[in-house]
Structure formats: structure tokens, C-alpha cells
Amino acid sequence: MITNKRDQKICDRYSAYDDTGHVRCCECPLVKGNWKQYDFRCKANSHYDRKTGEWEYDD
């Protein structure tokens with residue numbers, strides 16, 4: 001869950017399509033999961049659960 005303008009600017013920069021038509025989310029510093037294992041959790045689509053100590057997808 002993005003809660004501030006700084007994180008939103010970072011997300012906008014890395015999720016924008018480049019000249020080849022690809023996004024660069026795998027290079028984004030907001031990524032919390034391992035994209036190589038198809039775990040696409042990041043601050044844009046997940047939140048931190050203090051009870052479990054892990055990042056979980058937003059509902």
C-alpha cells in the first residue's frame with residue numbers, strides 16, 4: 001500500500017512502459033517479493049502484517 005508521494009513517484013517511474021513496451025518493476029526498490037519466483041508483492045499491491053511479519057497482498 002503506497003502511503004506517500006515519494007513512493008508513488010518511484011512506482012510511477014518503474015511501472016511506466018519504456019521504448020520496447022516493457023515495465024521495469026523487477027528493478028524497483030519497492031518490490032518486496034521475489035519476482036523470479038513469480039512473487040510480485042510490492043508496496044503498491046501489498047501491506048505489511050505485523051502479526052505474521054510478512055508482506056501480504058491487499059484485498
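Start by selecting Cys 25, Cys 26, Val 31, Phe 40 and Cys 42: of the 13 residues that line the largest pocket, these lie nearest its centre. Keep in mind as you click around that this is a predicted model. The pocket has a volume of about 200 Å³. Which kinds of residue make up its lining? Colour the lining by type and you should count ten nonpolar residues, one polar and two charged.

**Zoom out**

Now show the whole chain as a cartoon. You'll see one helix and two strands, and if you trace the sequence from its start the pattern reads α-β-β. Taken along the principal axes, the C-alpha atoms fill a box of roughly 40 × 30 × 20 Å. Of the 59 residues in the chain, 20% are buried.

**Charged pairs**

Next, hide the cartoon for a moment and bring up the charged side chains. Side chains of opposite charge can pair when their charged atoms come close. How many salt bridges does a search of the whole structure find? The tally is four, and we'll visit some of them here.

Select Asp 7 first. One of its partners is Arg 6, and the N to O distance in that salt bridge is 3.7 Å. Is Asp 7 buried or exposed? It has a relative accessibility of 3%, so Asp 7 counts as buried. Arg 6 has a relative accessible area of 60%, so that residue is exposed.

Stay on Asp 7 and add Lys 43 to the selection. These two form a salt bridge as well, with their closest N and O atoms 2.9 Å apart. Turn the cartoon back on to see what this pair does: it links distant parts of the chain, with Asp 7 in helix H1 (5–15) and Lys 43 in the loop between that helix and strand E1 (46–49), 36 residues apart. Lys 43 is partly exposed, at 23% relative accessible area. Put the three side chains on screen together and you have a network of salt bridges linking Arg 6, Asp 7 and Lys 43.

For another pair, jump to Glu 27 and Arg 24. Their closest N and O atoms sit 3.4 Å apart in a salt bridge. Glu 27 is partly exposed, with a relative accessible area of 48%, and Arg 24 counts as partly exposed too, at 30%.

**A nonpolar patch**

Switch to a surface view and select Trp 35, Tyr 38, Phe 40 and Tyr 57. Together they make a nonpolar surface patch of about 510 Å². You've met Phe 40 already, among the residues nearest the centre of the largest pocket. Pick out Tyr 38 next: where in the chain is this residue found? Look in the loop between H1 and E1. Tyr 38 is exposed, with a relative accessible area of 69%.

**Last stop: Ser 46**

Finish by selecting Ser 46, which has its place in strand E1. At a relative accessible area of 0%, Ser 46 is buried. Now add Lys 5 and draw a distance between the two C-alpha atoms. How far apart are Ser 46 and Lys 5 in space? The C-alpha to C-alpha distance is 17 Å, and 41 residues separate the pair in sequence.

Terms used: Residues are numbered from 1 along each chain as its sequence is written. This is a predicted model: local features need pLDDT of at least 70, side-chain atom pairs count only at pLDDT 80 or more; totals for chains, interfaces and linings use all residues. Side-chain values use heavy atoms; hydrogens and water are left out. On a 1 Å grid over the protein atoms alone, a cavity is a set of points where a 1.4 Å probe fits but cannot get out, and a pocket is an open set with protein on both sides within 12 Å along at least five of seven lines; lining residues have an atom within 4 Å of a point. Grid points are joined across faces, edges and corners, and a volume is the space filled by probe spheres set on the points. Ala, Val, Leu, Ile, Met, Phe, Trp, Tyr, Cys and Pro count as nonpolar, Asp, Glu, Lys and Arg as charged, and the others, Gly among them, as polar. Buried means under 20% relative accessible area, exposed over 50%, partly exposed in between (1.4 Å probe, protein chains only). Helices (H or I, at least four residues) and strands (E, at least two) are DSSP runs, numbered from the N terminus. Patches are made of residues with over 30% relative accessible area and no salt bridge: like charges are joined within 9 Å, nonpolar side chains (Val, Leu, Ile, Met, Phe, Trp, Tyr) within 5 Å. Accessible areas come from the Shrake-Rupley method with a 1.4 Å probe; for residues, only the protein chains shown count as cover.
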